[in-house]
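Have your viewer ready and the sequence panel open. This tour goes from one selection to the next and says what is there.

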Amino acid sequence: MYVYVLFPTEGRTVTQDQVAPLTPAQAFDALYAFCAPALVRQTFLLTGRRLLARESVERAFQLAWQRWPEVAVDRDPAGWVRATAYEYALSPWHEFRPLLRRREPPLTDRCDRALLGVLLELPPSYRRALLLYDGVGLDLPETAAEAEASTPAAAHRLLHAREAVAARLPELADPSALNRRLAELASAERLHAPKSLTVRRGGERKTRFWTRAAIAFTAALIGTTALALRTAPTHYEPPVPPGAIVQGVPPRVALGALSQAEAQLRAKLRGATAHGPERLVPQTQ
């Protein structure tokens, strides 16, 4: 699949036959160079964490490279990557990562610290709606679609976010002033995204790793199933019932000493065995 990019020229019209096709890697690099620097700064305003902002953008572009045939034909590839980066950055599981619990170095400007503090106090959904509408410049339907909310819900979040910011910073009650301050705040931090080649190779390494892990897991599952089928019993063996107490059996009586009459009878029997035709006496050698 090739992606065609039209470059404006002066004095003549460019037709589709005159446009050189780009390879998938070249098209990805062009999208990365266009979106990544600004997206890192936006994600920093969304999270207030520099490391998480870079990680979110890198993760979003790695997923875009893994699904490049789908992203390349998307109506808005930049919006696809931005939505993926925002979703990863706002994941609640980051709160359990020890590396992200460290305190971030504060911003140098006092006004920037105040605005960023107000943004981070907003609920994540309100913060996202405010950043998309007043920061990125999307219209309300596009903001609602990217935030996966209805248009009335997105408008509700945006209005409440503006009210919260105006209550803490009255000079930003005007939406145009808020838009300008968000742009200034995003530009205040020198956040650099990694190179596109690094992102592509990292995504390919992760794809190979998970592919090999899936193959190994499937092989282990097949081996376990085969072993279970080979060692499983082929017929039903009923379990041995547990023992039960039998009632009414007389107790065993131990033999005591012989009485005088019994002792005389035993002596008589032992003495009579060597006499009489009805007994066999062992022949002496």
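Start by selecting Val81 and showing its surroundings. Leaving aside neighbours within four places in sequence, Val81 is in contact with Leu31, Leu39, Ala60, Phe61 and Ala64, where contact means heavy atoms within 4.5 Å. Val81 sits in helix H4; helices here are DSSP runs of H or I with at least four residues, strands are runs of E with at least two, and both are numbered from the N terminus. At 1% relative accessibility, Val81 counts as buried. The scale is this: buried means under 20% relative accessible area, exposed means over 50%, and partly exposed is in between, with a 1.4 Å probe and protein chains only. Try a distance label too: Val81 and Ala64 are 17 residues apart in sequence and 6.7 Å apart in space, C-alpha to C-alpha.

A word on what you are looking at: this is a predicted model, in which local features need pLDDT of at least 70, side-chain atom pairs count only at pLDDT 80 or more, and totals for chains, interfaces and linings use all residues. Residues are numbered from 1 along each chain as its sequence is written, and side-chain values use heavy atoms, with hydrogens and water left out.

Now zoom out to the whole chain. The protein chain has 11 helices and zero strands. Of its 285 residues, 29% count as buried. Among contacts with a separation of 6 or more, 68% are between residues 24 or more positions apart. The accessible surface of the protein chain is about 20,100 Å², and 59% of that belongs to carbon and sulfur atoms; such areas come from the Shrake-Rupley method with a 1.4 Å probe, and for residues only the protein chains shown count as cover.

Next, colour residues 77-89 (H4) and 124-136 (H6). Two packed helices are described by the angle between their axes and the distance between the axes. H4 and H6 pack at an angle of about 145°, with their axes 12 Å apart. Axes are lines fitted to C-alpha atoms, for helices over the stretch in contact, and angles run from 0 to 180 degrees between N-to-C directions. Which residues in H4 and H6 meet? Show Arg82, Ala83, Tyr86 and Glu87 in H4, which meet Arg128, Leu131, Leu132 and Val136 in H6. By class, the residues of this H4 and H6 contact are five nonpolar, no polar and three charged. Ala, Val, Leu, Ile, Met, Phe, Trp, Tyr, Cys and Pro count as nonpolar, Asp, Glu, Lys and Arg as charged, and the others, Gly among them, as polar.

Keep those side chains on and add Gln42, which lies in helix H1 (residues 24-47). Apart from neighbours within four places in sequence, Gln42 is in contact with Arg82, Tyr86, Leu131 and Val136. Is Gln42 buried or exposed? Gln42 is buried, with a relative accessible area of 17%.

Stay with H6 and bring in H8, residues 151-168. The axes of H6 and H8 come within 8 Å and cross at roughly 90°. H6 and H8 are therefore roughly perpendicular to each other; angles under 35 degrees count as roughly parallel, over 145 as roughly antiparallel, 65 to 115 as roughly perpendicular and the rest as oblique. By class, the contact of H6 with H8 has eight nonpolar, three polar and three charged residues.

Two residues are good stops here:

- Ala129 is found in H6 and is buried at 2% relative accessibility. Not counting residues up to four places away in sequence, Ala129 touches Thr143, Ala154, Arg157 and Leu158.
- Arg162 lies in H8 and, at 22% relative accessibility, counts as partly exposed. With the same four-place exclusion in sequence, Arg162 touches Leu130, Tyr133, Asp134, Pro175 and Leu178.

From there, move to helix H9 (residues 175-188), whose axis comes within 8 Å of that of H6 and crosses at roughly 95°. Leu130, Asp134 and Gly135 in H6 meet Leu178, Asn179 and Leu182 in H9.

For a last stop, select Glu148, in the loop between helix H7 (140-146) and H8. Glu148 has a positive phi of about 55° although it is not a glycine. Glu148 is exposed, with a relative accessible area of 69%.
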